[in-house]
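Trainee: I would like to go through the helix packing and understand the reasons behind the terms that are used for it.

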Amino acid sequence: MIARLRHLVTSEAFSRFIIAVIIVNAVTLGMQTSTTLNTRWGDWLGRLDQIALAIFTVEIALRLLVIPQASLRDPWFWFDFSVVAICYLPASGPLSVLRTLRLFRVLRLISVVPSLRQTVQSLLGALPGMGSVVLLLGLIFYVGAVIATEVFGQDFPAYFGTLGRSLYSLFQIMTLESWSNGIVRPILAEYPMAWTFFVPFIVITSFAVLNMFIGVIVSSIEADSEDHRREHMAALEARFMARIDALEARLMAAGEHAEERNDKPALPSD
């Protein structure tokens with residue numbers, strides 16, 4: 001019985017079924033935000049939501065039953081467990097706000113779809129390499145904020161009156177959100193040479209440093225893809241060698257059987 005359940009839980013068909021349930025549940029959760037649909041079909045949508053929660057609960061229980069060690073060591077299992085457990089929080093009282101976290105069930109697609117899971121793992125793997133880039137960006141922001149506060153703070157206190165305001169204004173400039181007409185052009189009217197500060201800042205932060213982020217992430221994704229390809233090739237090679245060994249064993253057994261038949265003395269003829 002346990003072997004059959006293990007084969008079911010680890011099968012591709014079961015994963016596709018869970019993916020379909022997650023997608024249907026995501027659609028129903030979105031439909032529940034509509035007042036019109038909720039008024040007309042609210043009871044049915046609520047029932048579908050409860051059915052999806054029951055399926056997810058049974059899935060978690062089955063994984064703990066048939067593959068307990070692998071599940072407990074898998075971080076994605078704990079992610080799925082946490083997402084499902086949140087749905088059982090009380091609907092009233094101080095924890096009622098946490099019920100909105102049931103929408104995180106849609107994120108279970110990340111743990112179920114291998115390509116999405118690999119992408120997230122690559123992003124997490126890129127975090128250590130992004131530390132130096134973040135430090136460099138922080139230094140540039142800090143130096144730029146101090147300069148902007150000292151130079152422009154007196155005449156433009158709303159943007160550069162304090163170090164905190166300068167940091168926020170420089171962040172807005174880095175994102176290129178209304179940086180020219182909203183911030184820089186009024187400053188250029190008072191300080192015509194202010195472009196020598198803002199233009200290099202934009203070039204360094206918006207193009208150079210942010211492209212470093214992209215480079216680190218792309219490198220991490222390529223490295224993980226290469227590792228995944230090697231693991232896949234190693235698994236194929238092991239499977240191929242296992243089949244060759246099995247075929248060789250069968251051929252040897254057939255040869256020994258043929259030799260035994262040839263070694264048997266022939267029956268005398270009448």
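Mentor: We begin with a term: a crossing is left-handed if the near helix is turned anticlockwise from the far one by less than a right angle. This is a predicted model, and in it α1 passes α3 in a left-handed crossing.

Trainee: Why are α1 and α3 called oblique to each other?

Mentor: Helix α1 (residues 2–9) and helix α3 (residues 35–66) pack at an angle of about 125 degrees, their axes being 10 Å apart. Angles over 145 degrees count as roughly antiparallel and 65 to 115 as roughly perpendicular, the rest beyond 35 degrees being oblique, and α1 and α3 are therefore oblique. Among the residues that meet there are Leu5 and Val9 in α1, and Leu62 and Val66 in α3.

Trainee: What makes α2 and α3 roughly antiparallel?

Mentor: The axes of helix α2 (residues 12–31) and α3 cross at roughly 150 degrees and come within 9 Å. The cut-off for roughly antiparallel is over 145 degrees, and α2 and α3 therefore fall into that class. The crossing of α2 past α3 is left-handed, and the residues in contact include Phe14, Phe17 and Ile18 from α2, with Leu45, Leu48 and Phe56 from α3.

Trainee: How do you know that the buried residues of α10 line one face of the helix?

Mentor: In α10, Ser180, Ile183, Val184 and Ile187 are buried, that is, under 20% relative accessible area. Seen down the axis of α10, these buried residues fall within an arc of 125 degrees, so they line one face. Asn181, Arg185, Ala189 and Glu190, on the other side of α10, are exposed.

Notes. Residues numbered from 1 in each chain as written. Predicted model: local features only at pLDDT ≥ 70, side-chain atom pairs only at ≥ 80, totals over all residues. Heavy atoms only, no water. Buried < 20%, exposed > 50% of the residue type's maximum accessible area, 1.4 Å probe, protein only. Helix = DSSP H or I, 4+ residues; strand = E, 2+ residues; numbered from the N terminus. Arc of directions from axis to C-beta. Axes fitted to C-alpha atoms, helices over the stretch in contact; angles between N-to-C directions. Contact = heavy atoms within 4.5 Å.
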